[in-house]
Amino acid sequence: MESVQKYIITLSQELEENLKQVDMDALKSASSLIMECEKQNGRVHVCGIGKPSYVAGYIASLLSSIGTSAYVLDGTEAVHGSSGQVKAGDVVIAISNSGETAELKATVNTLHKNKAHVISCTGNSSSWLAQNSEVCLLAHVDQEGDSLNKPPRASIISEIVVLQCLSIVLQEAKKLTYEEYLLWHPGGSLGESIRNMNKNEEVQ
C-alpha cells in the first residue's frame, strides 16, 4: 500500500502546482474563440489519442451539458474521413500530454487545411501541438505518480481539471441558468434536483 500512498502524495503535489499555474488569459482566449465560433453557428470538437481520447469524451459531454455543441472527433479516424464532421470555422480542442503524438499531428495538419481553429491542451508548452494551436492550455505534470512514471495518471487528471476550468469560464460567459441547464439535462438526480428547487420556490 506504500505505492498507493506515494501516488496520492504525488498527485496532490502535482495538482497543487497545476492549480497555481492555471493561465487565466489562455482560458479567456479559448473561451472567446469558442463563443465567436458559436455566434457563426459553429461547433466544438474534442480529440485525443489513447487515454486522452477518453478525456475528450468526457469534456465533449460536459460542454454539451452547458449549452456548447461539442462532439468527439476520433483522433486517428480524422485522417480517414472523420474530419468531414469539422467545418471551416469550427473549434477543435486537441489533447496530448507530450504534444508530439504522430497521429495527432496528422489530424491537426488536416484540420488546419480545412480551416478549423485549434485549441491545445498539453503538458508541454514548447511542443509541436502547442506551437501549432491558436491557444495552448497547459496541463503540465512532472510525475505520473507510479514507479514506472509512464502510464498516464496525474497527467490525465491535470488535463481534466484544466478543461473543466475552461467549461466554467464558458458557463459564466453564457450566464447559464438552472432552467437552461434543465433543458439539456432533464434526466437523473441532477434534473430532479432542479425541478424540486423550482417546486419549492413556487410553494414559497
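**Exercise 1. In this predicted model, find which residue of S5 is the bridge partner of Ser 120, and then place the pair of strands within the sheet.**

Solution. Begin with the residue pair itself: the bridge partner of Ser 120 is Cys 136, which belongs to S5. Moving from residues to strands, S4, made up of residues 117-122, pairs with S5 in the parallel sense, and the pairing extends over 4 bridges. The next step is to read the whole sheet, which is open, has 5 strands in the order S2-S1-S3-S4-S5, and shows parallel pairing. Strand S2 (70-72) and strand S5 (135-138) stand at the edges of this sheet, and because each has a single partner strand, one side of each is left without a neighbour in the sheet. From one strand to the next, the twist averages 20°.

**Exercise 2. Determine how many bridges join S3 to S4 and how many pair S1 with S3, and name a residue pair for each.**

Solution. Take the S4 side to start with: S3 and S4 run parallel and are joined by 6 bridges. As a residue pair for this contact, Ile 95 has Cys 121 of S4 as its bridge partner. Turning to the other side, S1 and S3 also pair in the parallel sense, here over 5 bridges. In that pairing, Val 46 has Ile 93 of S3 as its bridge partner.

**Exercise 3. Decide which residues of S3 are buried on each of its two faces, and then work out which helices lie across the strand.**

Solution. The criterion needed here is that a residue is buried when its relative accessible area is under 20%. On one side of S3, Val 91, Ile 93 and Ile 95 are buried, and on the other side Val 92, Ala 94 and Ser 96 are buried, so that both faces are covered. Put as a count, 6 of the 6 residues of S3 are buried, and the strand is therefore largely enclosed by the rest of the structure. The helices come next: helix H2 (residues 24-39) lies across strand S1 (44-48), strand S3 (91-96), S4 and S5, and runs at about 130° to S5. Helix H4 (residues 102-113), for its part, lies across S1, S3 and S4, with an angle of about 165° to S3.

**Exercise 4. Establish whether Ser 31 is buried or exposed, and list its contacts beyond its neighbours in sequence.**

Solution. Locate the residue to begin with: Ser 31 is part of helix H2. Its relative accessibility is 4%, and Ser 31 therefore counts as buried. Once neighbours within four places in sequence are set aside, the residues in contact with Ser 31 are Leu 166, Val 169, Leu 170 and Ala 173.

**Exercise 5. Describe the surroundings of Leu 15 in helix H1, using its accessibility and its contacts.**

Solution. Leu 15 lies in helix H1, and its relative accessible area of 22% makes it partly exposed. Apart from neighbours within four places in sequence, Leu 15 is in contact with Ile 157 and Val 161. A further relation is given by C-alpha atoms: those of Leu 15 and Val 141 are separated by 8.2 Å, although the two residues are 126 residues apart along the chain.

**Exercise 6. Examine the loop between H4 and S4 through Asn 114 and Lys 115, and say what phi Lys 115 has.**

Solution. Asn 114 lies in this loop and counts as partly exposed, at 32% relative accessibility. Not counting residues up to four places away in sequence, Asn 114 touches Ser 83, Lys 87 and Ala 88. The C-alpha atoms of Asn 114 and Asp 90 are separated by 9.6 Å, the two residues being 24 residues apart along the chain. Lys 115, placed in the loop between H4 and S4 as well, is exposed, with a relative accessible area of 62%. Its backbone deserves a separate step: phi of Lys 115 is near 65°, a positive value in a residue other than glycine. Most residues other than glycine have a negative phi.

**Exercise 7. Find where Lys 175 is placed, and state its phi and its exposure.**

Solution. Lys 175 is in the loop between helix H6 (154-174) and helix H7 (178-184). Phi of Lys 175 is near 55°, which is positive in a residue other than glycine. With a relative accessible area of 65%, Lys 175 is exposed.

Conventions
Residues numbered from 1 in each chain as written. Predicted model: local features only at pLDDT ≥ 70, side-chain atom pairs only at ≥ 80, totals over all residues. Heavy atoms only, no water. Pairing = 2+ DSSP bridges. Axes fitted to C-alpha atoms, helices over the stretch in contact; angles between N-to-C directions. Contact = heavy atoms within 4.5 Å. Buried < 20%, exposed > 50% of the residue type's maximum accessible area, 1.4 Å probe, protein only.
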